Amino acid sequence: MKRILLWTGVGIGTAGIAVLLVLLFATCTFGNHAFRGATCLEPETCQRCGITRGEPLGHEFCEATCTESETCQRCGITRGEPLGHEFREATCLEPETCLRCGITRGEPLGHSMTDATYQTPAVCTRCGYTEGEPLPAALSGKTLNELTVGVPAPYTTASYEDRGVDVTGTVEITDYEVTDGNELFPPRDGYEWHVATVRLVFAGEDAQENGAQSAVTFGDYYLLDNRIAVREDENGLRPFVADWYGTQVQCWQKTGPNEEADWYGRELRFTWQEGVLVPKGYDGVLLIFYNYRLFGDSTRLYLPASEVLDESTPVFRMQ
Ligand SMILES: [Zn+2]
Ligand SMILES: [Zn+2]
Ligand SMILES: [Zn+2]
Ligand SMILES: [Zn+2]
């Protein structure tokens with residue numbers, strides 16, 4: 001009897017342990033839940049009983065880019081739209097470029113070059129890039145006998161009674177100014193007057209015997225010949241043309257009245273003013289003193305510079 005009771009007890013005990021083990025490992029009775037990790041949308045959840053713990057993680061969106069919308073780094077869900085590219089306009093050297101991601105579209109525009117002028121090299125009208133040099137002036141690199149203000153220089157010309165006799169005196173630019181104008185040299189918008197006061201003096205024996213005749217003409221440092229019109233208007237202005245930043249610009253020349261034109265003691269003197277009305281800053285006009293013999297019986301008032309200019313001809317650059 002005792003033995004039966006013992007085995008019955010053992011049996012019940014074993015069964016109890018078994019039940020306990022089942023309760024312990026196969027159910028959540030003792031709070032031993034089998035939680036699955038939280039996700040973006042769901043908190044930790046027990047796989048057995050469905051109980052939850054804590055909060056869902058929520059999405060962790062990374063920022064949208066030009067081509068992709070906001071995307072959760074964990075679950076891959078997307079939100080909104082891609083930003084799209086933000087293109088900066090193409091330039092001479094660079095194609096359209098996205099300010100955000102740097103992707104490019106199309107081709108650079110390339111420079112839009114002007115032609116070179118006597119004043120400027122070829123230049124891009126869009127970005128200002130320059131290429132090469134200004135056009136070479138007709139007289140650049142040529143030797144000129146240039147006059148300096150206030151310094152007399154020898155001047156040889158035909159005698160008045162020209163029997164093949166030349167006389168030598170001096171030519172001097174006694175004064176030179178760049179001015180808006182005055183009564184004698186009328187102002188004009190956008191222009192300035194370059195006015196030289198010229199003095200010729202013939203004091204030698206040869207001049208005293210034969211007199212002297214002077215000859216003046218105009219030229220252009222860039223073009224050489226500037227072809228001053230013979231006919232003057234009612235203000236004494238004679239038109240000619242200069243090349244200014246690639247444009248043919250109308251200019252005018254005017255000769256002032258003689259202040260001296262006679263013998264003073266043993267000196268034959270001529271003093272007068274020569275003015276040119278040019279666009280502000282134009283520096284190309286040449287005042288040329290050549291031998292009257294070259295003028296001869298020409299019916300032209302101003303011989304072209306190309307016919308009279310050589311290395312010894314006194315020249316004043318009105319710049
Ligand atoms: Zn559970
Ligand atoms: Zn997510
Ligand atoms: Zn972009
Ligand atoms: Zn450019």
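Among contacts in the chain between residues at least 6 apart in sequence, 45% link residues at least 24 apart. The model is predicted. Buried residues account for 22% of the 319 residues in the chain.

**Overall form**

The chain has a radius of gyration of 50 Å. A compact globule of 319 residues would come to near 20 Å. Along the principal axes, the C-alpha atoms fill a box of roughly 180 × 35 × 30 Å. The secondary structure consists of four helices and 23 strands.

The domain assignment splits the chain into domain 1 (61–109), domain 2 (111–137) and domain 3 (145–318). The centres of domain 1 and domain 2, taken over C-alpha atoms, lie 37 Å apart.

**From P95 to A116**

P95 sits in the loop between β7 (87–88) and β8 (96–98). Is P95 buried, exposed or partly exposed? P95 has 16 other C-beta atoms within 10 Å, so this residue is partly exposed. Leaving out residues up to four places away in sequence, P95 touches A90, T104, R105, G106, E107 and P108. A116 is 21 residues from P95 in sequence. In space, the two are 27 Å apart, C-alpha to C-alpha.

**A sheet of three strands**

One open sheet holds three strands in the order β1-β2-β3, with antiparallel pairing. Its edge strands are β1 (35–36) and β3 (52–53), each pairing on one side only. Two bridges join β1 to β2 (residues 44–46) in the antiparallel sense. Within this sheet, F35 has C46 in β2 as its bridge partner.

**Strands β18, β19 and β21**

Further along the chain, β18 (238–244) and β19 (247–255) form a hairpin. Two residues lie between these strands. The two strands run antiparallel and are joined by seven bridges. β19 also pairs with β21 (residues 267–279), again in the antiparallel sense, over four bridges. The table lists one bridge from each of these pairings.

| Residue | Bridge partner | Strand of the partner |
|---|---|---|
| A242 | V249 | β19 |
| W252 | L277 | β21 |

**Two residues with positive phi**

Most residues other than glycine have a negative phi. Which residue in the turn of the β18–β19 hairpin has a positive phi? The residue is Y245, at about 50°. Y245 belongs to the loop between β18 and β19. With 14 other C-beta atoms within 10 Å, Y245 is partly exposed.

R227 is another residue other than glycine with a positive phi, and its value is near 50°. Where is R227 placed? R227 lies in the loop between β17 (224–225) and β18 (238–244). R227 counts as partly exposed because it has 15 C-beta neighbours inside 10 Å. A residue needs 20 or more such neighbours to be buried, and 12 or fewer to be exposed. The count for R227 falls in between, so R227 is partly exposed.

**In brief**

The radius of gyration is 50 Å, against near 20 Å for a compact globule of 319 residues. β19 pairs with β18 over seven bridges and with β21 over four. Y245 has a positive phi in the turn of the hairpin, and R227 has a positive phi in the loop that leads from β17 to β18.

Methods:
Residues numbered from 1 in each chain as written. Chains lettered and ligands numbered in written order. Predicted model: local features only at pLDDT ≥ 70, side-chain atom pairs only at ≥ 80, totals over all residues. Pairing = 2+ DSSP bridges. Domains from an automatic or database assignment. Rg over C-alpha atoms; globule rule 2.2 N^0.38 Å. Contact = placed C-beta atoms within 7 Å.
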